Each structure stands twice: as structure tokens, then as C-alpha cells.
Amino acid sequence: MNPFSWMLIGLITGWLASQIVEGGQYGAVGDIVTGIVGALMGGYLSGILFGGQGNLDAAGAGLFTAGAGAISLIFIVHALSVRSRA
């Protein structure tokens, strides 16, 4: 799985998060950028943890962890921005 695929997953995840979560301090663009960064982090960790670039299992794990990384980072950023406003 290549970083371009991870970025695409992050872009989609960030856009979905901006549609679902209302009141985000950074808006849709911030959520998309955060999603891309989270997906790159998750995809990179997947490569370290699961190894193997060529097999199908590693590709599926890369997509899954890229999505999970994007969701996690968006959640953390939203939680911190809500707490800082209170």
C-alpha cells in the first residue's frame, strides 16, 4: 500500500468527519488535513507492525490502520479543541 492510498483514505475520512461532527473549530479543511495526517501516521505504523508491502493482507491492514489513524487523530483534535473552549 502506498502513501497516496493512505492520503486518499485520510481525505475521505476527514471529509466524512466534517459532515458528521458539528461545531469543529477547524472546519472541513482542518478535518481533511487532520485526516490525511492521521492516515499517513496509521499507514506508516502498519508498515512497521505488519511489514510486507506486496501481499494482500498487508494492503488490507494498511487501509484499515490508515482509516483508524485518521479517525483517531480527528477525534483527539476535536476533543482537545472542545476542552480548550470550555
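This report walks through the fold, the first helix, and a few residues of a predicted model.

## Overall picture

Let's start with the whole chain. The protein has 86 residues, and buried residues make up 33% of them. Its secondary structure comes to three helices and zero strands, and from the N terminus on the elements run α-α-α.

How much of the contact set with a separation of 6 or more comes from residues 24 or more positions apart? Such pairs account for 72% of those contacts. The accessible surface of the protein is about 5,400 Å², and carbon and sulfur atoms hold 73% of that area.

## Helix H1 and its buried face

Helix H1 covers residues 3–20, which is 18 residues. At 1.5 Å a residue, this helix should span 26 Å, and its end C-alpha atoms lie 25 Å apart, so the expected and modelled lengths agree.

Which residues of H1 are buried? They are Trp-6, Gly-10, Thr-13, Gly-14, Ala-17 and Ser-18. Looking down the helix axis, the buried residues of H1 fall within an arc of 135 degrees, so they line one face of the helix.

## The nonpolar patch

There is also a nonpolar patch on the surface to look at. Leu-8, Leu-11, Ile-12, Trp-15, Leu-16 and Ile-20 make this patch, which has an area of about 580 Å².

Two of its members can be described in more detail. Ile-20 lies in helix H1; its relative accessible area is 66%, over the 50% cut-off, so Ile-20 counts as exposed. Ile-12 also has its place in helix H1, but with a relative accessible area of 40% Ile-12 is partly exposed. Along the chain, Ile-12 is 58 residues from Ala-70, yet the C-alpha atoms of the two are separated by 9.5 Å.

## Asp-31, a buried residue in H2

Helix H2 takes in residues 27–50, and Asp-31 is found there. Is Asp-31 buried or exposed? Its relative accessible area is 4%, which is under the 20% cut-off, so Asp-31 is buried.

Leaving aside residues up to four places away in sequence, Asp-31 touches Gly-14, Ala-17, Ser-18, Ile-74 and His-78. Of these partners, Gly-14, Ala-17 and Ser-18 are also among the buried residues of H1.

## Where H2 and H3 meet

Leu-73 sits in helix H3. What does Leu-73 touch, not counting residues up to four places away in sequence? Its partners are Thr-34, Val-37, Gly-38 and Met-41. The C-alpha atom of Leu-73 is also 9.4 Å from that of Asp-31, although the two residues are 42 apart along the chain.

One of the residues touched by Leu-73 is Val-37, which lies in helix H2. With a relative accessible area of 39%, Val-37 falls between the 20% and 50% cut-offs, so Val-37 is partly exposed. Val-37 can be placed relative to H1 as well: Gly-14 is 23 residues away in sequence, and the C-alpha atoms of the pair are 9.8 Å apart in space.

## Ser-81 in H3

Helix H3 runs over residues 56–85, and Ser-81 is part of it. At 3% relative accessibility, Ser-81 counts as buried. How far is Ser-81 from Tyr-26 in space, C-alpha to C-alpha? The distance is 8.8 Å, while in sequence Ser-81 and Tyr-26 are 55 residues apart.

Conventions. Residues numbered from 1 in each chain as written. Predicted model: local features only at pLDDT ≥ 70, side-chain atom pairs only at ≥ 80, totals over all residues. Heavy atoms only, no water. Helix = DSSP H or I, 4+ residues; strand = E, 2+ residues; numbered from the N terminus. Expected span 1.5 Å × (residues − 1). Buried < 20%, exposed > 50% of the residue type's maximum accessible area, 1.4 Å probe, protein only. Arc of directions from axis to C-beta. Patch = residues over 30% accessible without salt bridge, like charges linked within 9 Å, V, L, I, M, F, W, Y side chains within 5 Å. Areas by Shrake-Rupley, 256 points an atom, 1.4 Å probe, with all protein chains shown as cover. Salt bridge = Lys/Arg side-chain N within 4 Å of Asp/Glu carboxyl O. Contact = heavy atoms within 4.5 Å.
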